[in-house]
Amino acid sequence: MSTLSEQLSDAVQNARNVPREMAEELLIDVAGLCVAARRTDYVRASLAGWEAAGGCTAIGHSRTLDAAGAAFVNGTAAHGEDFDDTFEGGPVHAGAVVVPAVLAVAERERLSGRDALLGIAVGVEVMCRASLVAPKLIHKAGFHPTAVLGAMGAAAAAATALRFSKHQFVSALGIAGSMAAGIIEYLAEGAWTKRMHPGWAAQSGIRAADLARAGFVGPRAVFEGTHGLFHGFARTTDGDWGKLVGGFGERWVANSLAFKPYACGTMTQPYVDCARRLAEKGVRAEEVVEMVCEAAEGTVHRLWEPLADKQRPPNAYFAKFSQPYCIAAGFVLGHAGLEAFTEERVRDERLRSLAAKVRYEIDPDNPYPDEFTGHVRARLKDGRTLEERQGHLRGGRNEPLSRADIEEKFRLNCAYGGWSAAQAERFLAFARQAFDSPIDLSPFRS
C-alpha cells in the first residue's frame, strides 16, 4: 500500500485548477509584512545571525543571502508581528512558511512563475490539510503546529517547484520530518522564538529538498509511521489521514485561508471586534466594572493563563497573545494594529486598567478549532450589562477580506516599514504578473 507521502506525490502530478488568486494574495500579504518588520530588532538579529551569502533576496534589505537564509529572514519577518494569514481548523500560518521558501528556491534556480505558483499552492495545501489530521493535539503536546507542519509544507513546496521525481519528493518529506521543531515556551515571557518558527521551517524545507535531490534518502511513512511525525509531535498515529490526502490537487482547502485584520493571535481577532462594537455603543472604559468572555478550553493555556500575567503583559510581543490586553486595545484604541503593540503602548495605564477587569469562563460548547468565535460581556457601574458575540473570524471563510482590502493592508504595512507609495505600487504590479515569468526580487532589496 502506498504511503501518505507517495499518495501526495501522485496527487501533485495530477493537480488541476491551481489557485492562483490565493497565491497572489499570499505573496502580497507576506511581502507587506516583511517590509513592515524590516527595521525591527528581531529581523536585524535574524539577518545578522545568518552567515551564508548568496544571490537571494531578503525583502527590503540590501544584503543578499543563500536560499535558506533568505527564506529564514523573510519567514521570520512575515510572521514576526503575528499579522499573517491563518487557516481556520488548524490553525497554521502557511503563507509565512511556504511563500518565503518558494521565492528563495525560485530566485536561486530561476524557476518559471508557473513552477513557483504550483509550489506555493501545494506547500500551503499540505500545511493546511496536515493541521486537520489531529486537531489541537500538536498544541496540546507543547509544539507550534506552524513550525512542525511548516517544515513538511516547505519541503513539499520546494520539491514541487523543482519538479522532483516521486522518489525525490517522498525523500524530501521524509528528511523534513527530522528537521521539524518548534516549542511554545515563548508564551511564558514573550520571547522571540515563535517569530522564527516559520523562517526556520522554510529553510528546513529547502535543505530537505536539496538533500533529497542529491540522493539522500528519507523515510517513506514520515507522517503515519510508528515513529513518524504525528507520533512524535501529536502523540498519536490515529489521525484522520483522509483529511491530508482525500481530493488533494482537486479540492483546494487553501482557498479558504484567512487574512488577519489585526496584528495579534488568530483566536483573539473576533474578541477584538466584539470589544470595538461595545465601545461604539458609547461605553467608556471607566464605566466598566468587569468584562467576562466565553472562551474555548483549547485556547486558555495560550491566551488566558496565567491570567494575572495576561492582564498585565510584560512586553509588546507577550501582549499579542493576551486576550485581556487585545480586548482592551480594541475597546480603548478602536483597533489592534501594529501601533497597539509597542513597548510604550503596553505600559499605557488606560489599557492596563481595563485589561485587569477582563476575565474568562470556559464554554464547553465552543466550536474551536472548527470556528473561531468571540464574546465579550461588560458589566457597568450603573448596573447595565452589555454583550457582543461574533460567530466567526472576520477575514476568514465566512467573511473574507477582498483583494482590495488585502492590497490596502499591504500599502499600510509598506508605509509602516518605510517604503514609499511608489515602491509599494511597483511590488503590487510585480505580484500581479509574478507567476507569468521567472521570479526576480532584486528590485525589492531596499
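These notebook entries record what I looked up in this structure, which is a predicted model.

**Entry 1: a helix pair.** I began with helix α13, residues 269-280, and helix α17, residues 323-332. I found that the two pack at an angle of about 40°, and that their axes lie 7 Å apart. I noted the crossing of α13 past α17 as right-handed. I then listed the residues that make the contact. From α13 they are Tyr271, Val272, Ala275, Arg276, Leu278 and Ala279. From α17 they are Gln323, Cys326, Ile327, Gly330 and Phe331. Sorting this contact by class, I recorded 8 nonpolar, 2 polar and 1 charged residues.

**Entry 2: salt bridges.** I searched the whole structure and obtained 42 salt bridges. I looked up one of them, in which Lys320 pairs with Glu81 and the closest N and O atoms are 3.3 Å apart. I placed Lys320 in the loop between α16 (316-319) and α17, and Glu81 in the loop between α4 (67-80) and α5 (95-109); the pair therefore ties together parts that are 239 residues apart in sequence.

**Entry 3: the largest pocket.** I turned next to the largest pocket, for which I noted a volume of about 430 Å³. I recorded 19 lining residues, and those nearest the centre are Phe83, Pro261, Gly337, Lys409 and Leu412. Which helix gives the largest share of the lining? I found that helix α19, residues 403-416, does so with 6 residues. By class, I entered 8 nonpolar, 4 polar and 7 charged residues for the lining of this pocket.

Key:
Residues numbered from 1 in each chain as written. Predicted model: local features only at pLDDT ≥ 70, side-chain atom pairs only at ≥ 80, totals over all residues. Heavy atoms only, no water. Axes fitted to C-alpha atoms, helices over the stretch in contact; angles between N-to-C directions. Helix = DSSP H or I, 4+ residues; strand = E, 2+ residues; numbered from the N terminus. Left-handed = near helix turned anticlockwise from the far one by under 90°. Contact = heavy atoms within 4.5 Å. Nonpolar A, V, L, I, M, F, W, Y, C, P; charged D, E, K, R; others polar. 1 Å grid on protein atoms, 1.4 Å probe; cavity = no way out; pocket = protein on both sides within 12 Å on 5 of 7 lines; lining within 4 Å. Points joined across faces, edges and corners; volume = space filled by probe spheres on them. Salt bridge = Lys/Arg side-chain N within 4 Å of Asp/Glu carboxyl O.
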